[in-house]
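I opened this notebook to keep track of what I looked up, entry by entry. The sequence and the coordinates come first, and my notes follow.

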Amino acid sequence: MDSLALGADLEPEPVVDEHSTVTLFVNGEETTLTVDHRATVLETLRERFGLTGAKKGCDHGQCGACTVLVDGRRINSCLLLAVTQDGATVTTVEGLADGESLHPVQQAFVERDALQCGFCTPGQICSAVGMLREAADGHPSHVTEPDTATEPVALDADEIRERMSGNLCRCGAYPRIVEAIEDVIE
């Protein structure tokens, strides 16, 4: 029998390390950890940090339940690999409050009762915080008047609805969510 047929002369496949060490600044605290290359930011936040505010809704970046802020910008954490975020600052709904004082958006959601089941609420709140910053920085949306591209964008109900359209609420709390955000900008 041919020795090649038995695989005697085949080289063993090299072992590939499927983990990397990253440093994340989560809710103001620096943490260095080893993550699987396939782990998302959402999985890392929930499983490694115990931060369960961000939810796994659709797992396709379509519902917004997993929205967190990365370096101040809102992102769908179910689509972002943790290994790509070495050195990033991640803020979850748990990190928005200042001690016992709620963030103004969190407070407005409570005061307006801008939720029902609460599943989407953490993502809605993080998205609203990021959206307010985007508008203040002059980022246009589909409904923004073209001549305001570099100045802060005035947020009326139409602007808010457009900018929050990536965050779905199965309970239909949209009117109260818009009102809560309007309360913050007044």
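**Entry 1: Ser-141.** Is Ser-141 buried or exposed? I noted before going further that the model is a predicted one. I then looked up the accessibility and found a relative accessible area of 18% for Ser-141, which counts as buried because it falls under the cut-off of 20%. In the chain, Ser-141 sits in the loop between H3 and helix H4 (157–163). Leaving out residues up to four places away in sequence, I listed its contacts as Glu-159, Glu-162 and Arg-163.

**Entry 2: Phe-49.** I turned next to another loop residue, Phe-49, which lies between H1 and strand S3 (67–70). Its relative accessible area is 23%, so I entered Phe-49 as partly exposed, the class between under 20% and over 50%. With residues up to four places away in sequence set aside, Phe-49 touches Leu-24, Val-26, Thr-31, Leu-33 and Thr-44. I also took one long-range distance: Phe-49 and Glu-186 are separated by 137 residues in sequence, and their C-alpha atoms lie 35 Å apart in space.

**Entry 3: the hairpin of S1 and S2.** I followed the strands next, starting with S1 (residues 19–26) and S2 (residues 29–36), which pair in the antiparallel sense over 8 bridges. Within this pairing, I found Phe-25 bridged to Glu-30 in S2. The hairpin leaves 2 residues between the strands, and Asn-27 takes a positive phi near 50° there.

**Entry 4: S3 and its partners.** Which strands does S3 pair with, and in what sense? I found an antiparallel pairing with strand S4 (residues 73–76) over 4 bridges, and an antiparallel pairing with strand S5 (residues 89–91) over 2 bridges. On the S4 side, Val-68 stands opposite Ile-75, while on the S5 side the bridge partner of Leu-69 is Thr-91.

I then checked the side chains of S3, keeping in mind that in a regular strand the side chains alternate between the two faces of the sheet. Thr-67 and Leu-69 point one way and Val-68 and Val-70 the other, and I noted that all of them are buried.

**Entry 5: two residues with positive phi.** Asp-71 lies in the loop between S3 and S4, in a hairpin that has 2 residues between the strands. Its phi is near 50°, a positive value in a residue other than glycine. I classed Asp-71 as exposed because its relative accessible area is 52%, which is over the 50% cut-off. I made a similar note for Asp-113, which is not a glycine and yet has a positive phi of about 55°; Asp-113 is found in the loop between H2 and H3.

**Entry 6: the cavity.** How many cavities of 30 Å³ or more does a search of the whole structure find? I recorded 1, and I wrote down a volume of about 40 Å³ for the largest cavity. Its lining consists of Leu-24, Val-26, Val-41, Thr-44, Leu-45, Ala-82 and Val-90. Two elements, S1 and helix H1 (41–48), give two or more residues to this lining, and the largest share, 3 residues, comes from H1. By residue class, I entered 6 nonpolar, 1 polar and no charged residues for the lining. Going back to Entry 2, I saw that Leu-24, Val-26 and Thr-44 are among the contacts of Phe-49.

**Entry 7: the nonpolar cores.** In soluble globular proteins, nonpolar side chains tend to be buried together, and I ended by looking up where this happens here. The largest nonpolar core has 25 residues, of which Leu-96, Val-105, Phe-109, Met-131, Ile-160 and Ile-181 touch the most other members. Helix H2 (104–112), helix H3 (121–136) and helix H5 (174–185) each supply at least two residues of this core, and H3 gives the most, with 7 residues.

I picked Ile-181 for a closer look, again not counting residues up to four places away in sequence, and listed its contacts as Phe-109, Ala-128, Met-131, Leu-132, Ile-160 and Met-164. A second, separate core has 17 residues, including Val-22, Val-26, Cys-78 and Ala-82. I added a cross-reference to Entry 6, since Val-26 and Ala-82 also appear in the lining of the largest cavity.

Key. Residues numbered from 1 in each chain as written. Predicted model: local features only at pLDDT ≥ 70, side-chain atom pairs only at ≥ 80, totals over all residues. Heavy atoms only, no water. Pairing = 2+ DSSP bridges. 1 Å grid on protein atoms, 1.4 Å probe; cavity = no way out; pocket = protein on both sides within 12 Å on 5 of 7 lines; lining within 4 Å. Points joined across faces, edges and corners; volume = space filled by probe spheres on them. Nonpolar A, V, L, I, M, F, W, Y, C, P; charged D, E, K, R; others polar. Buried < 20%, exposed > 50% of the residue type's maximum accessible area, 1.4 Å probe, protein only. Contact = heavy atoms within 4.5 Å. Core = buried A, V, L, I, M, F, W, Y, C linked by side-chain atoms within 4.5 Å.
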